[in-house]
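I opened this entry to note what I looked up about the cysteine links and one of the sheets, in the order in which I went through them.

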Amino acid sequence: MSLRDRTKHSKKILGQGVFLALALSSLTSCQDITQAEASKTRNPASGFGSGATYIYADNPVVLTGNQFLKTPDWGKKLILGQIDATHFLENKCTFKQDNYFMPVETSGNCLEVYKDPTSALINSNNGSWNFATNSDAFYQVNTYYHAKRVIDRFLASLEYAHYFTHMQSSLMIPPATKHDLGATQNFWLGKNGLTNTLKVYSKCAFEGVNINAYFSPAKNELCMGWNSLLPHLHMAQDPGVIYHEMGHVFVKIMMNQRNTIDTGSLVNNYQSIDFHSELGVLSYDEAGAINEGLADFFTFYMLGRPYIGEWGMDRIPAMITEKNGFQGVKYGRPMTEDSHVHIAGVSSHIPGEKLSYPEYVNYNAHTPSERYEGRIHYAGQIISHYMVRLATHFKNSCTLPNKINQSNIVMPKDFSHFASSTLVMMLINETLAELGDMTAKGSDFFNEYLMGAGLSKVFFTNLNQDEAFLWAHQVTPPDMRRFFKIFAKNIKHYISDPFNGLCPQFSVDMSEQLLDEYGLLLFKSYGDRGQGVKIDTFGNVTDRTYANYANTSIYGNWFSPSTTSSEVNELNRKKTVLISKNLLSLPANGSSRPSAYVFDGRSEIEGILSSITFQGTVVPTSTNLADVKFNNKNIKISPGEIVGVALNLVNNSNSIMSGVQVLANDWDHMALEDSGKLYVNRQENQSHSLFMDNIANWKPCQIDGWPQATEGAIISLPGDPSSEGRCNYVTRTNSTIGVTTQSGINYPFYRKDAPQPACLVQFSDQNETKWVSQDFYRKYVLNLEDHECLNNEASGLNFNPNECLIRTLPGANQAVFDRIDPQSTWLETISKNNPNPRHSAGNLILMEVNKWIQPGTTFNCRFRARFTNCQDCFNNNNSGEDYKDYEYAGHTPFKVINFSFKVID
Ligand SMILES: [Zn+2]
């Protein structure tokens, strides 16, 4: 499109905005339950000194069979249970690894249960944990009972997962499960080999009509809600809700098992990572939905019942909202299509009626006419339904292994449920271990401390150690496709393998057909030959596959990878629809649709800023150069503001697009005018005779025909040799800046393929108009000093003047839209039957706008977009193999979105 059209079009961003609903939270919050009245006390019985006490095995609705129950009725429902705490309501946890003689204990308490954050631990009463029914202490003891019970069961599953993947499998793929969970103590929350204690509060006060339960991964605290309006209702009365929240704890453990150091006998044997991986980072993303679905699965895993929240999520919230004069609401979630709460059209036996992706990402069975946009709990139901059905397949068709109980926990009566759900947990663990790996190895078969120094820079997941956080949370995040591709690979090798699999009866074809019924057969290849890189001591990068490391061993079992990747049988892809990325775009020129919505209200942006972090730390803004104090809420992008931008992307296809993601981080889309001149345009370099003549000048590469050569683009033609620094070569490391040190002073230079900020500036001079770097513009037009550039202070040596004028903020430089209906925008999609559609923080890219920009200046930001059910965003259409991790630093896997706007006062 021509330049003039683009500029004219940019005005449409001033179209009336939609209100912003601030839904950002660092908590994994889950619609939940209740507490019960302090009534009916029971005298502590004598003879409870051994840790035995009365507990409830399930929630009051299930125990009484009364779905209209208003008060928990524990009469005759309590049974004897065992509490393993001694003096206080706390304990350590143990883990028995197969190759260890003795179980390993956590260095401190794994679990402590309190009434609330300001209370002290309660004591036992001479060894007895029996307290008056419905007393606070009673609920603390019961919360402890259920929390410890699920911990013991989870650790037993983890023991089995370790045993099978490392000791018993074919080793055709390298196990991601940490090779030594015991010595590292990574079977529990921890850091540097020391235990972090999980604190569980059985009675967290909520206000208004609100009641909930949540796990805070940042604090390792879990809250079971209570509301003084109906004080007899406690979320802790519903064990299913406790198991769900504990499920989030276990997801954190599984995601981070490869990420901390060992300070025990094997000192420094593992890389230490200062931050942890999270499954879900925005108010809505598919990783968050997966986290919720897995957490629900923990309820099934413990109770064997495919429903969560009959009491805590259906009865309690309804009674509290009714008490406040509103209509009662239900949030309980089924986990099988057979549940009576589902709408007609959802069933397990009719082909095509599974709770499939993406149709059901907004579905709440209790209010099916409403759509729940961007709600991870509802999208998560697709995951839980799939997992429950998979466990049921294993239960019904597999010969289940009897060595499944490594540490001999008390076995439940239903062995087949226990064993089949343990197998599913093994697959979940193996998948999360790979996804969350911040060492970027993917397996300890590539760990330099175990396998030799030559492997120090060999990486098979999340690009490399420096970029792993960015890749794992943003560039190649665990969306439905990536999660299920790895999950399916693990089924193929650990379950279906004809020689070493746990259940060859569940064939690869059956696995693909089941995934497809859920719309999750989104990938074409299992990628099981591995796609990694090795960086040598000179910084040269070469591609690697697992076969390069064959015939190595950790425990004496030989690693024997295949040299090729297995392909999906395309005949099995019937329900899953894949769409070409070219069918996603901004509105056409002349369309009545605006190209974006701008949010520049002070308080709404302040709210988002206060919650964004990257790699575990707060993201600093550019003091005095861009600040919410300049925000004027005129829905224009003005100098000095920090604005949120929601692109108004159109789905031009006839199918639902889902998991639409916009990336605004730096990427490899520019090239050096002279690849011999690498030094960053900053004062230190400008004033040193060796570097002043070697200042870098970056120009845009032409991508999809934009910009023109006459507009300043570097063009690479088909057949041009591809080498470092050129437009047709993509960075292998995503590394930006290095330093030359002379006389103790650091002089920063760019890497030849340094990723660059996404936004370019329009520069008009005499009779020509060009697109130039921000650095060029700030020097030659605005004459800005380094200290007048965005992000000059906090970034230090990493200061890049190519983001001097417009800077997208780390932690808020990606946006996700849950689904876009055919021939619609996201806003049109959510406006159906919804009088009050709202954006949420996760839909926005946050940009700092330098206050020194002259009104009237035009920018073009090259954002990159893709979606989960995309045909050609993850692999070349002609090949099943996915793009290599580093290729996601370029444009090939994406639809490049040219977002053009003018800065206006
Ligand atoms: Zn949850």
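I took a disulfide to be a pair of cysteine sulfur atoms within 2.5 Å. The model I am working from is predicted, and by this rule I count seven disulfides in it. I went through three of these links in turn.

**Entry 1, Cys93 and Cys110.** The sulfur atoms of Cys93 and Cys110 are 1.9 Å apart, and the two residues form a disulfide. I read 65° about the S-S bond, and the link of Cys93 and Cys110 is right-handed. Cys93 sits in the loop between strand E5 (90–91) and strand E6 (94–95), while Cys110 sits in the loop between strand E7 (104–105) and strand E8 (111–114), so this pair ties together parts that are 17 residues apart in sequence. I also looked up accessibility, and found both Cys93 and Cys110 buried.

**Entry 2, Cys398 and Cys503.** Here the sulfur atoms are 2.0 Å apart in a disulfide between Cys398 and Cys503. The value about the S-S bond is -90°, and I noted this link of Cys398 and Cys503 as left-handed. The pair links distant parts of the chain, 105 residues apart, with Cys398 in the loop between helix H7 (376–397) and helix H8 (415–435) and Cys503 in the loop between helix H11 (480–496) and helix H12 (508–517). Cys398 and Cys503 are both buried.

**Entry 3, Cys789 and Cys804.** For this disulfide I found the sulfur atoms of Cys789 and Cys804 2.1 Å apart, and the link is left-handed, with -85° about the S-S bond. Cys789 is in the loop between helix H15 (774–782) and helix H16 (792–795), and Cys804 is in the loop between H16 and E32, so the pair ties together parts that are 15 residues apart in sequence. Both Cys789 and Cys804 are buried.

**Entry 4, the sheet that holds E32.** I then turned to an open sheet of four strands, whose order is E20-E23-E36-E32 and whose pairing is antiparallel. Strand E20 (596–599) and strand E32 (806–808) are the edge strands, each pairing on one side only. I noted that neighbouring strands of this sheet are turned by 30° against each other on average, direction ignored. E20 runs antiparallel to strand E23 (residues 642–647), and four bridges join the two; Val598 stands opposite Val645 in E23.

Which helix lies across E20, E23 and strand E36 (845–849)? I found helix H13 (residues 602–609) there, running at about 85° to E23.

Notes
Residues are numbered from 1 along each chain as its sequence is written. This is a predicted model: local features need pLDDT of at least 70, side-chain atom pairs count only at pLDDT 80 or more; totals for chains, interfaces and linings use all residues. Side-chain values use heavy atoms; hydrogens and water are left out. Two strands pair if DSSP finds at least two bridges between them. Axes are lines fitted to C-alpha atoms, for helices over the stretch in contact, and angles run from 0 to 180 degrees between N-to-C directions. Contact means heavy atoms within 4.5 Å. Buried means under 20% relative accessible area, exposed over 50%, partly exposed in between (1.4 Å probe, protein chains only).
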